[in-house]
Amino acid sequence: MPAATTTPTTPRERGLGYALAGGLVITAIAVVIGGLLFAWLLLATRGPSAPELLPADVQLYAATSPNIGGVVEVEQLRRALRDGLGIPEPEALVAPIETLLGVSLREHVAPWLGSEIAVAVRGADPAQLRSADPGASLLEHAEVLFLFASKNDPQALAFLEKHRAAREARGETIATLERNGVSIHYAEGGEPGPIAAFAMVQHYLVFANRPEAIEHLAVADGGTGATLAQTAAFVRFQKERTTARAGAIYTDGTPASEAIREALRDVLMAR
């Protein structure tokens, strides 16, 4: 009996539907991977907020949002300075600030300025602020920080370099110390001033009256110690704060608060 002949099975032809299905699967995988990568990039570049960097014992904190949708909101900033700190003519601050920084605010600050400007004070003794010059006393005995959120860190760092060069051209000696991966630049010698030290901490460009103030931010960025954002009183303040209250200011409720506010106004209005 002859052996049965086995006919090879012809592979079934895959139609257009299979090709479409395969394409959809590959596209879905690409979308998922791309979405995860995008989310990772967002999380990786997002730094802590200013209150998450500041120590818990901050006595006064004021913040405003000068940049909405990529546009610097000048009127928002004016209201914050008038209502919150009692600066009657905010426009009068521009010229002395530009002289102090050594650069044009429009050309070298506006392009990178993000959605928050904040000022914080800690370590102030109200008795020391009862002097003929409370602003100078505040700068000498407390820690005063000005934080500017950056939406473009390379541009913000370029501004810092121009600022440093301008100060060195004026004869200042600028030194640098490293703390927790942060390069803190500070002027050696001279009187305490609102921009004696400066650095980039996370996505904030920070000026302070002494390098130690910025060191505390660098330590907080490393997860050491309680922060202002974790303080119960500040949490309540944030919940009650509205965008309409441009000049809303958080204080720790101590007798030093009002004295600090008045001294800070003197610092900002000093010529």
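**View 1. Two phenylalanines within one helix of the predicted model.** In this predicted model, Phe234 and Phe237 both belong to helix 10, which covers residues 232-240, and the two are three residues apart, about one turn of the helix. With a relative accessibility of 1%, Phe234 falls in the buried class, and Phe237, at 13% relative accessibility, also counts as buried.

**View 2. Aromatic pairs in the structure.** A pair of aromatic rings is described by the distance of the centres and the angle of the planes. Over the whole structure, a search returns eight aromatic pairs. For Phe148 and Phe207, the ring centres lie 6.3 Å apart and the planes stand at 85 degrees, and because an angle over 60 degrees counts as edge-to-face, the pair is assigned to that class. Phe148 is part of strand 5 whereas Phe207 is part of strand 9 (residues 204-208), so the pair ties together parts of the chain that are 59 residues apart in sequence. Phe148 has a relative accessibility of 21% and is therefore classed as partly exposed, while Phe207, at 4%, counts as buried. Another aromatic pair, that of Phe234 and Phe237, is tilted, with 5.6 Å from centre to centre and 40 degrees between the planes.

**View 3. An aromatic cluster that includes Phe148 and Phe207.** Both members of the edge-to-face pair belong to one aromatic cluster, which is formed by Trp112, Phe148, Phe159, Phe198 and Phe207.

**View 4. The open sheet and its edges.** Eight strands make up an open sheet with antiparallel pairing, and their order is 6-7-8-9-5-4-1-10. Strand 6 (174-179) and strand 10 (249-251) are found at the edges, where each has a single partner strand, so one side of each remains without a neighbour in the sheet. From one strand to the next, the twist averages 20 degrees.

**View 5. Strands 4 and 5, with the helix that packs on the sheet.** Strands of a sheet pair through backbone hydrogen bonds, either parallel or antiparallel. Strand 4 (residues 113-122) and strand 5 (residues 143-150) run antiparallel and are joined by seven bridges. Phe148 in strand 5, which also takes part in the aromatic pair with Phe207, is the bridge partner of Ile117. Helix 11, made up of residues 256-269, packs on the sheet and touches strand 1 (60-64), strand 4, strand 5 and strand 10, with its direction making about 55 degrees with that of strand 1.

Definitions and conventions. Residues numbered from 1 in each chain as written. Predicted model: local features only at pLDDT ≥ 70, side-chain atom pairs only at ≥ 80, totals over all residues. Heavy atoms only, no water. Pairing = 2+ DSSP bridges. Helix = DSSP H or I, 4+ residues; strand = E, 2+ residues; numbered from the N terminus. Axes fitted to C-alpha atoms, helices over the stretch in contact; angles between N-to-C directions. Contact = heavy atoms within 4.5 Å. Phe/Tyr/Trp six-rings, centres within 6.5 Å; stacked < 30°, edge-to-face > 60°. Buried < 20%, exposed > 50% of the residue type's maximum accessible area, 1.4 Å probe, protein only.
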